[in-house]
Amino acid sequence: LHGMAHALERLLELAGFDAGRDLLWSLGDLVDRGPFCARCLALLDEPWFRALRGNHEQLMLDAPASENVWLQWLANGGDWAVDFPWDAPEIRARLEALPWAADLRTAVGRIGLVHADVDWNCDWPELLTALERATGLSRYVALWSRRSAIRAMRGLPGRQVPGVDLVLLGHSIVESSFRWGNLQFLDTGAVACDDPTAALTMLEIHPALQLWSVPTAGDPAASLWRSGLNARRSAVVRGQSGRRRPPP
């Protein structure tokens with residue numbers, strides 16, 4: 001989502017989403033780079049919404065550790081939090097509770113959700129265990145890896161993750177959603193409004209698999225937000241925002 005709450009509203013209306021009956025899962029990255037990050041975080045309070053942990057939620061959680069980590073988050077889109085209590089305990093608690101993956105048993109099969117990639121040393125059940133126990137590199141791969149996406153975009157043979165029928169991935173931007181083996185890439189770069197292919201994409205699971213997408217190229221709110229990027233970053237770095245910096 002990356003702060004594109006207004007695009008999500010259009011997408012759900014297009015798909016006929018029923019908040020009293022349907023459930024929506026986000027593949028992570030609610031925040032950073034887009035105009036309505038606080039509204040996206042507020043979705044965590046909605047009974048019809050669930051979210052995974054993305055690398056940008058992890059950057060936000062890690063930001064208080066040191067000024068260097070905080071600056072890394074700022075450089076990766078954290079400038080939206082200029083006047084937002086990003087380090088408040090109640091907000092951190094919500095982000096800490098976000099799962100590393102989700103395992104859905106549906107009428108169309110077992111569907112796995114993870115932000116970036118599946119550890120190449122694991123089948124799906126093994127990955128869930130590794131993520132829970134924080135063993136190996138599974139958590140890093142789940143949040144940051146682009147290995148599968150790069151291989152897929154190079155046209156290499158599809159990857160079949162054992163123990164699951166379909167795995168849905170975000171993180172790596174693709175021009176349009178596509179399946180590679182039993183991996184489906186869904187991040188079509190909604191916040192990258194200067195790209196003519198920018199769109200927000202969702203996969204409906206019930207009653208049958210169906211893709212829904214709304215274009216965001218040239219989106220006025222996102223374009224205006226991006227135009228103020230340098231000013232916001234300067235204000236934060238100079239301490240003009242009213243938000244405290246992490247301890248040195």
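Q: Is H171 buried or exposed, and what is its relative accessible area?
A: Burial is read from the relative accessible area, where buried means under 20%, exposed over 50% and partly exposed in between, with a 1.4 Å probe and protein chains only. H171 has a relative accessible area of 7% and is therefore buried. H171 sits in the loop between β5 and β6 (178-180), where helices (H or I, at least four residues) and strands (E, at least two) are DSSP runs numbered from the N terminus. This is a predicted model, in which local features need pLDDT of at least 70 and side-chain atom pairs count only at pLDDT 80 or more, while totals for chains, interfaces and linings use all residues. Residues are numbered from 1 along each chain as its sequence is written, and side-chain values use heavy atoms, with hydrogens and water left out.

Q: What is the phi of H171, and what is the phi of H2?
A: Here the sign of phi is read together with the residue type. The phi of H171 is near 75°, which is a positive value in a residue other than glycine, and H2, also not a glycine, has a positive phi of about 45°. H2 belongs to the segment before α1, and with a relative accessible area of 10% it is buried.

Q: Which residues lie nearest the centre of the second largest pocket?
A: A pocket is found on a 1 Å grid over the protein atoms alone, as an open set of points with protein on both sides within 12 Å along at least five of seven lines (a cavity, by contrast, is a set of points where a 1.4 Å probe fits but cannot get out), and lining residues have an atom within 4 Å of a point. In this model, H2, R33, R146, H171 and I173 lie nearest the centre of the second largest pocket, which 15 residues line. Its volume is about 220 Å³, a volume being the space filled by probe spheres set on the grid points, which are joined across faces, edges and corners. The lining comprises four nonpolar, six polar and five charged residues, where Ala, Val, Leu, Ile, Met, Phe, Trp, Tyr, Cys and Pro count as nonpolar, Asp, Glu, Lys and Arg as charged, and the others, Gly among them, as polar.

Q: How many residues line the largest pocket, and which element gives the most to its lining?
A: The largest pocket, with a volume of about 930 Å³, is lined by 40 residues, and L24, W25, S26, M202 and L203 lie nearest its centre. Two or more lining residues come from each of α1 (5-15), β1 (24-26), β3 (101-106), β5 (166-169) and β8 (199-204), and β8 gives the most, with six. By class, the lining holds 23 nonpolar, twelve polar and five charged residues.

Q: In which sense do β8 and β9 pair, and over how many bridges?
A: Two strands pair if DSSP finds at least two bridges between them. Strands β8 and β9 (residues 210-215) pair in the antiparallel sense over six bridges, and Q210 in β9 is the bridge partner of E204. A hairpin of five residues joins β8 to β9, and P207 is found in this loop between the two strands. The peptide bond between H206 and P207 is cis, with omega about 5°. As for cover, five of the six residues of β8 are buried.

Q: What joins the side chains of T188 and T201?
A: A polar contact is a pair of N or O atoms within 3.5 Å; within protein, one must be able to donate a hydrogen and the other to accept it, and residues adjacent in sequence count only if both atoms are side-chain atoms. The side chains of T188 and T201 are joined by such a contact, at 2.7 Å. T188 is found in the loop between β7 (183-185) and β8, and its relative accessible area of 4% makes it buried. Contact alone means heavy atoms within 4.5 Å; leaving aside neighbours within four places in sequence, T188 is in contact with residues including I173, E175, T197 and L200.

Q: Which residue makes a polar contact with the side chain of H6?
A: The side chain of D219 does so, at 2.9 Å. H6 is found in helix α1 and counts as buried at 16% relative accessibility. Not counting residues up to four places away in sequence, H6 touches P35, F36, R39, D219 and A221.

Q: How far apart in space are the C-alpha atoms of G3 and A38?
A: The C-alpha atoms of G3 and A38 are separated by 7.4 Å, although the two residues are 35 residues apart along the chain. G3 is found in the segment before α1 and is buried, with a relative accessible area of 0%.
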